[in-house]
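Open your viewer and keep the selection box handy. We will go from stop to stop, picking something at each one and looking at what surrounds it.

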Amino acid sequence: MINSQNSLSVSELTLKIKGLIEPEFSDLWVKGEISNFKHHTSGHMYFTLKDKSAELRCVMFRGMNRNIQFKPENGMDVSLQGKVTVYEMKGQYQLIVQTMEPAGIGTLYLAFEALKKQLQSEGLFDLSIKKPLPKYPGKIGIVTSQSGAAISDMLNVFQRRAPYMELMLRPAVVQGEEAARDIVNGLIELDRIKSIDIIIIGRGGGSIEDLWPFNDELLARAISRCKTPIISAVGHETDVTISDMVSDVRAPTPSAAAEIAAPSFSELNKIISKHLDQLYNLIDLQLKLQWQTLDRLSDRHEFQRPNTIIERHREVENKLGHRLSLSLKHIISIKKTNIEGLVKEINALNPIHVLERGYSIAFKREGQIVRKEDDLKVGESFVLKTGKGEMEAEKKQSLPV
Amino acid sequence: MTKEKLFKFEPAMEELEKIVAQLEAENSSLEKSLELYEKGVKIAEKLRKHLDDAEQRIEVLKKNKNSSSDVEDPID
């Protein structure tokens, strides 16, 4: 018989279960493979940890999963640290994850942390030693796989944004045992080429093992020794490698690296236009200043307008012409009067007229006018010229003065 | 390589910036300023032409154990 008075409510049972489970599993490590991974927009991560025969619901809240150094993915083996809780509403238990570490590469992971600490203490990540990227690179060197997604992504960006850019690709193996050494060699080769202004090293997304060559110590040191500024672009936004930390610039993706390295065609055109405008405005200003100086000197603003000058000249010319002809007429008329007067004067001075008034002139035989008494000797004959007719005469004697 | 390809963008851009700065300094004679202006305009034209004319050029370095830098044919 069912004793309804002894029955527990669902809540009561769930609470009992919760009371049994939670104190027992308040801090534990569990390992398994991630599946049904979902990084919710809220920032929380929901997934299932599974092995061959069991599954465990897991949730890792935003505040905790910020510290994960890799990107959790389905199929990844991980070790989780946390506590088991019972979610009464759904009658489910789940693991609240506090720490996630990649189980498969646990030793690598520890090596990563150790190397990071070491390089940091040597100052290789210091912002003060980062080289600035040139504003207008002429040539960009790239070390990556010739067949990978990274190079085709980058070429897309370059062709769209900066078709003028010269590129040099140094193909390299980007995953596996050989990769780190090959990337280092490529980097050194490109660093030696003087015409290369920026070097991009990187690869597309992949598993944490795929990206591992970019956590290599030799590569980190090679990057720090390069004279050319380096952009590191490894995997996706969430993948952070040692190479990213030691490079001069870290790009979240290879496409982003291409965008960072190459100023776009339209940006450059804008800059050139701006400079042209500046040149024009500056020369225009200087010309205006020169005009002002001229104006001040000459105190004639008409100099700014050559047309006015010509018009003014013409006007003056016309006026002058008019005045000139007037003056000439005037002068001529004055002269005419003068000449008439002169003629009268001359006439008045004409000795003939004087003679007409009753005077005579005495001429010696040789033709000279007799001006003094002793010009003539006693007995010398001379000619006396009157207003009407001449006669011969003779000096008889000198008279007392 | 044609002469056109030898044109270096960055030095030319830097020279243009220098010319603008020189003109801004306002202590050149008008003759000198006009000279700078003409030079600047010429460089700007060259820069534009470089941007307009250039097609993406991609060289591929041969992988070489001796780290030599021989250049293969472009992949494009």
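Start by selecting Asn36(A), which lies in strand β1 of chain A, the run of residues 28-39. Keep in mind as you look that this is a predicted model. Is Asn36(A) buried, exposed or partly exposed? It counts as partly exposed, because 13 C-beta neighbours fall inside 10 Å, and 20 or more would be needed for a residue to be buried. Now check the backbone here: Asn36(A) is not a glycine, yet its phi is positive, at about 50°. As background, most residues other than glycine have a negative phi.

**Helix α1 of chain A**

Next, select residues 10-24 of chain A, which make up helix α1. Put a distance marker between the C-alpha atoms at its two ends and you should read 21 Å. That agrees with expectation, because 15 residues at 1.5 Å a residue should span 21 Å. How many of the 15 residues of α1(A) are buried? The number is zero, so the helix lies largely in the open.

**A hairpin and its parallel neighbour**

Move on to strands β2 (residues 45-50) and β3 (residues 55-60) of chain A, which pair in the antiparallel sense over six bridges. Together β2(A) and β3(A) form a hairpin, with four residues between them. To see one pair across the hairpin, show Thr48(A), which stands opposite Arg57(A) in β3(A).

Now add β5 of chain A, residues 92-102, to the selection. Here β3(A) and β5(A) pair in the parallel sense, over two bridges. Pick Cys58(A) and look across to its bridge partner in β5(A), Leu95(A).

**The largest nonpolar core**

Which residues touch the most other members of the largest nonpolar core? Select Ile183(A) and Ile200(A): they hold that place among its 50 residues. Centre the view on Ile200(A) and, leaving aside neighbours within four places in sequence, you will find it in contact with Ile140(A), Ile142(A), Ile231(A), Ala233(A), Ala257(A) and Ala261(A). Apart from this core lies another, of 14 residues, and its members include Ile272(A), Leu279(A), Leu282(A) and, from the other chain, Leu16(B). In soluble globular proteins, nonpolar side chains tend to be buried together.

**A buried aspartate in a loop**

Select Asp239(A), in the loop between β9 (230-234) and α7 (242-246) of chain A. Asp239(A) counts as buried, because it has 21 C-beta neighbours inside 10 Å. With its neighbours within four places in sequence left out, Asp239(A) is in contact with Lys71(A), Leu211(A) and Val234(A). Add Ser207(A) to the view as well: Asp239(A) and Ser207(A) are 32 residues apart in sequence, and their C-alpha atoms are 9.6 Å apart in space.

**A three-stranded sheet**

Go along chain A to an open sheet of three strands, in the order β11-β12-β13, with antiparallel pairing. Its edge strands are β11 (361-363) and β13 (390-394) of chain A, each of which pairs on one side only. On average, and ignoring direction, neighbouring strands of this sheet are turned by 35° against each other. Zoom in on β12(A), residues 381-385, which five bridges join to the antiparallel β13(A). One pair to show there is Lys385(A), opposite Glu390(A) in β13(A).

**Chain B and where it touches chain A**

Now colour chain B separately. It has three helices and two strands, running α-α-α-β-β from the N terminus on. Of its 76 residues, 17% count as buried.

Show both chains together: 31 residues of chain B are in contact with 32 residues of chain A. On the side of chain B that touches chain A, α2 (9-24), α3 (30-53) and β1 (57-61) each supply at least two residues. Which element of chain B gives the largest share of that side? It is α3(B), with eleven residues. Colour this side of chain B by class and you will count 16 nonpolar, six polar and nine charged residues.

For the last stop, select β7 of chain A, residues 166-171, together with β1(B). These two strands pair between the chains in the parallel sense, over four bridges. Finish on Leu167(A), which stands opposite Ile58(B) in β1(B).

Methods
Residues are numbered from 1 along each chain as its sequence is written. Chains are lettered from A and ligands numbered from 1 in the order in which they are written. This is a predicted model: local features need pLDDT of at least 70, side-chain atom pairs count only at pLDDT 80 or more; totals for chains, interfaces and linings use all residues. A nonpolar core is a set of buried Ala, Val, Leu, Ile, Met, Phe, Trp, Tyr and Cys residues joined through C-beta atoms within 7 Å. A residue is buried if 20 or more other C-beta atoms lie within 10 Å of its own, exposed if 12 or fewer, and partly exposed in between; C-beta atoms are placed from the backbone. Two residues are in contact if their C-beta atoms, placed from the backbone, lie within 7 Å. Ala, Val, Leu, Ile, Met, Phe, Trp, Tyr, Cys and Pro count as nonpolar, Asp, Glu, Lys and Arg as charged, and the others, Gly among them, as polar. Two strands pair if DSSP finds at least two bridges between them. The expected span of a helix is 1.5 Å times one less than its number of residues. Axes are lines fitted to C-alpha atoms, for helices over the stretch in contact, and angles run from 0 to 180 degrees between N-to-C directions.
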